[in-house]
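The following note sets out remarks on the structure shown below, in numbered points. The DNA contacts are taken up ahead of the protein interface.

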There are 2 protein chains.
Amino acid sequence: MLSQKTRYAIRALQHLADQYGQGPVPLTDIAETQKIPAKFLTVILSELSREGLVDTQRGRDGGYWLALSPIDISYGDIVRLTRGSLALTPCASRFAHETCANCLPESECRLHRLMLRVRDETARVLDGISLAEPVPLDVE
Amino acid sequence: MLSQKTRYAIRALQHLADQYGQGPVPLTDIAETQKIPAKFLTVILSELSREGLVDTQRGRDGGYWLALSPIDISYGDIVRLTRGSLALTPCASRFAHETCANCLPESECRLHRLMLRVRDETARVLDGISLAEPVPLDVE
DNA sequence: GGTAATTCTATTATTATAGTAGACAATAGA
DNA sequence: TCTATTGTCTACTATAATAATAGAATTACC
């Protein structure tokens with residue numbers, strides 16, 4: 001499961017994508033339209049800013065905006081940044097691989113091979129869509 | 001991420017699949033070959049038994065065995081039983097749907113639509129492989 | 001200087017997770 | 001029938017992650 005925080009982060013970024021090119025968006029705007037607790041959103045946006053995904057300006061008329069064009073930010077990027085990995089097990093992460101606790105050696109672990117496949121399918125979906133695109137309804 | 005407990009459950013079931021048709025497998029066998037803390041495994045196997053996935057016998061020469069043929073247990077089934085859902089958000093579960101806390105209405109939530117697609121791809125992989133099959137190395 | 005905004009450091013409450021303890025119940029075989 | 005062996009159940013505990021808040025500090029425009 002994605003954490004509540006990751007879900008908030010994604011919706012906040014979607015909101016900023018909608019306002020892209022229109023100057024700084026104040027935090028309270030995002031919090032209200034996206035139903036995110038304002039104080040918690042400060043934590044989230046500060047992190048996204050430290051990670052270089054959003055730029056900020058303090059003071060009057062300040063706020064947040066995307067540091068990159070929406071088309072250059074994929075959902076896969078966001079999940080990797082906020083959650084660390086797309087995978088369902090530590091051993092199945094391609095960018096943040098870790099060996100699972102109390103597991104067999106990976107070469108013998110059948111779960112490992114399966115989780116790699118799930119990760120790759122997830123990546124195919126999430127890396128294939130950017131913040132610029134409306135999310136298609138379904139695959140056929 | 002799958003919890004440690006879910007990972008243990010899957011490996012335990014794989015072990016039972018390997019011994020299918022050969023009588024009860026004692027818990028300590030599973031614990032040792034799969035590197036699972038024995039006491040914790042009792043909790044896990046008791047749950048799997050209550051859910052009808054394994055049958056058990058107590059007493060001498062007792063143990064655990066799969067209640068169904070390995071080919072009739074898919075990885076999707078196991079994850080749904082132990083974790084509740086294949087989805088990455090509560091709203092994207094098809095069998096255990098819940099609305100996400102502090103979210104927009106689902107019809108307006110772009111994340112919802114995206115998570116449904118990820119769930120469906122995950123299901124395609126996990127429902128397509130049963131405990132009877134060796135896990136293929138990769139898709140091309 | 002005042003106001004509106006972000007930023008930073010700490011703290012808290014709640015929940016989930018991982019694992020353990022120990023008494024109890026059943027079974028097969030000697 | 002005794003006993004060793006094996007699973008079952010209830011309860012408990014420790015740790016970590018999560019979600020969220022508090023409040024002071026900083027910045028920038030007017």
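1. In this predicted model, a polar backbone atom of G59(A) lies 3.3 Å from a base oxygen of DNA strand D. A base oxygen of the strand is also approached by K39(A), through a polar side-chain atom at 2.7 Å. At Q4(A) the partner is the backbone of the strand: a polar backbone atom of this residue is 2.7 Å from a phosphate oxygen of DNA strand D.

2. Both chains contribute to the surface near DNA strand D. The elements that give two or more residues to this surface are α1 and α3 (38-50) of chain A, together with α3 (38-50), β1 (54-57) and β2 (63-66) of chain B. In total, 24 residues surround the strand, and the closest are Q4(A), K39(A) and R58(A) from one chain and L27(B) and Y64(B) from the other.

3. As to composition, the surface near DNA strand D comprises seven nonpolar, ten polar and seven charged residues. On the side of the strand, sugar or phosphate accounts for 69% of the atoms within 4 Å of the protein, and bases for the rest.

4. How is chain A related to chain B? A turn of 180° with a shift of 0.0 Å along the axis lays chain A on chain B with an RMSD of 0.1 Å. The two chains are therefore related by a two-fold axis. The same surface serves both copies, since 100% of the contact residues of chain A recur in chain B.

5. The interface between the chains buries about 4500 Å², of which 62% is on carbon and sulfur atoms. Three residues, M1(A), R110(A) and R117(A), supply 17% of the area that chain A buries against chain B, more than any other three residues. Contact involves 45 residues of chain A and 45 residues of chain B.

6. Polar interactions also cross this interface. Twelve residue pairs are in polar contact, both members having pLDDT of 80 or more, and four salt bridges are found between the chains. One of these salt bridges joins the side chains of R124(A) and E121(B), with an N to O distance of 2.9 Å.

7. On the side of chain A that touches chain B, two or more residues come from each of α1 (4-18), α2 (27-34), α4 (75-83) and α5 (110-127) of chain A. The element that gives the most is α5(A), with 13 residues. The residues of this side divide into 25 nonpolar, eight polar and twelve charged.

Terms used: Residues are numbered from 1 along each chain as its sequence is written. Chains are lettered from A and ligands numbered from 1 in the order in which they are written. This is a predicted model: local features need pLDDT of at least 70, side-chain atom pairs count only at pLDDT 80 or more; totals for chains, interfaces and linings use all residues. Side-chain values use heavy atoms; hydrogens and water are left out. Copies are superposed by least squares on the C-alpha atoms of residues with pLDDT of at least 70 in both. Contact means heavy atoms within 4.5 Å. Buried area is the accessible area (1.4 Å probe) that two parts lose on being put together, summed over both. A polar contact is a pair of N or O atoms within 3.5 Å; within protein, one must be able to donate a hydrogen and the other to accept it, and residues adjacent in sequence count only if both atoms are side-chain atoms. Helices (H or I, at least four residues) and strands (E, at least two) are DSSP runs, numbered from the N terminus. Ala, Val, Leu, Ile, Met, Phe, Trp, Tyr, Cys and Pro count as nonpolar, Asp, Glu, Lys and Arg as charged, and the others, Gly among them, as polar. A residue is near a molecule or strand if one of its heavy atoms lies within 4 Å of it.
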